[in-house]
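Please open the model in your viewer and keep the sequence panel beside it. At each stop you will be told what to select and then what is found there.

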Amino acid sequence: MTIRVDFRNKANNTSSSNDSVEKEKLEIVDLSGLSLMSVPNPSLNLITICKLDLSNNNLQSIPESLTARLLNVVVLDVHSNQLKCIPNSIGCLSKLKILNVAGNFLAFLPKSIENCRNLEELNANFNKLITLPETIGFELVNLKKLSVNSNKLVFLPYSITHLTNLKVLDARLNSLRSLPEDLENLISLQVLNISQNFQHLETLPYSIGLLFSLVELDLSYNRIASLPDSIGCLRKLQKLSVEGNPLVSPPMEVVEHGLHAVKEYLSEKMNGGHKSPPKKKSWVGKLVRYSTFNGSMRNNNNQNIDGNGGGNSPTRDGFAMPEYQTIDALASPRYVGMFSPRRLLSPRNIFSTR
């Protein structure tokens, strides 16, 4: 069945500069659900097609020559067939905005798909994808929706962090081990679904909490034990799904109180991480007070560290003199006298504050 629709802009009808293609009627060709084993030879000019629907057939391949001539196609739908590959000539479709290849047997997408720079929606759900083209995100800069759920993806390429127009990323039901860093570059992302990667996905990058446009986040049924504290910063977040994870932070009793409680818990935890522990009083403090020692410690990189810090604190011999002195100078009678026990404990005014 063929439906012919005129897609020309009415304003173009008054223009004398229209080329021959613009003067013709662009056509929607619907050949879906006909149990086709191969693409029939079309009786119309392929250059006039703006939408081609070949879905729900038994196609095992699409001829390279056919795709190469669909120069004005905006929508190409080949979902629910038996395709094992997409022709490389897909890269010729410079006007393509929607590509649906879901429900096939694709193990990869051709690199030439990166030439479809007007692509706004890519649906590759329910295939056998192991990987995506490494540089796909550098080229498909207009992509708004990327759906790759129900595949065998282990990683998402780093380049997807450059999809600044992306609004929806659906990568559930894969074998993801991790997400790329620098997710904060996805400034338009509103929906992120990475659920049901089951035993594979255990950690999330801190940058996931910097997706400030995010409205929905589905992390359910993974192996995540701790949510990044930064998620507490997602002010636009309205829906968070974390069921099916062995969560420790936040604990389940917090999760049960809903999104607001989770965000508050993570925010407090993040802010609390910047508080310094209270300093213990000791005789060292008195020596610092009396200017006998410089009270700061130095690590191997000459950066000051609080002496009452954690397990990586320097040893006591990390205390430094106010000014550097050679070994010979420190061994002089002047300094030996200064460090004598009698002098240190003397009540004389030389050690009192002024």
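Begin by selecting L217, which is buried, with a relative accessible area of 1%; here buried means under 20% relative accessible area, exposed means over 50%, and partly exposed lies in between, with a 1.4 Å probe and protein chains only. L217 is found in strand β10, residues 216-218, where helices (H or I, at least four residues) and strands (E, at least two) are DSSP runs numbered from the N terminus. This is a predicted model, in which local features need pLDDT of at least 70 and side-chain atom pairs count only at pLDDT 80 or more, while totals for chains, interfaces and linings use all residues. Residues are numbered from 1 along each chain as its sequence is written, and side-chain values use heavy atoms, with hydrogens and water left out.

Keep L217 selected and add K239: the two are 22 residues apart in sequence and 6.2 Å apart in space, C-alpha to C-alpha. Leaving aside neighbours within four places in sequence, L217 is in contact (heavy atoms within 4.5 Å) with L192, I208, I231, L237, K239, L240 and S241.

Next, select strand β2, residues 27-30, where the side chains of E27 and V29 point to one face and are buried, while those of I28 and D30 point to the other and are not. In a regular strand the side chains alternate between the two faces of the sheet. Now add strand β3, residues 49-53, which pairs with β2 in the parallel sense over four bridges; two strands pair if DSSP finds at least two bridges between them. Which residue of β3 is the bridge partner of I28? The partner is K51.

K51 also leads to the following stop, D77, which lies in strand β4, residues 75-77. D77 is buried yet has no salt bridge, and the nearest side chain of opposite charge, that of K51, is 6.3 Å away. A salt bridge is a side-chain nitrogen of Lys or Arg within 4 Å of a carboxyl oxygen of Asp or Glu, and for charge Lys and Arg count as positive, Asp and Glu as negative, while His and the chain ends are not counted. If neighbours within four places in sequence are set aside, D77 is in contact with L52, D53, L54, S55 and N100.

Move on to the loops. N56, in the loop between β3 and α2 (64-68), has a positive phi of about 55 degrees although it is not a glycine, and at 41% relative accessibility N56 counts as partly exposed. S80, in the loop between β4 and β5 (98-100), has a positive phi of about 60 degrees and is likewise not a glycine; S80 is partly exposed, with a relative accessible area of 28%. Then select S249 and P250, which are joined by a cis peptide bond with omega of about 0 degrees; P250 is found in the loop between β11 (239-241) and α4 (252-255).

Finally, zoom out to the whole chain, whose secondary structure comes to nine helices and 14 strands. Buried residues make up 40% of its 354 residues. Among contacts between residues at least 6 apart in sequence, 36% join residues at least 24 apart.
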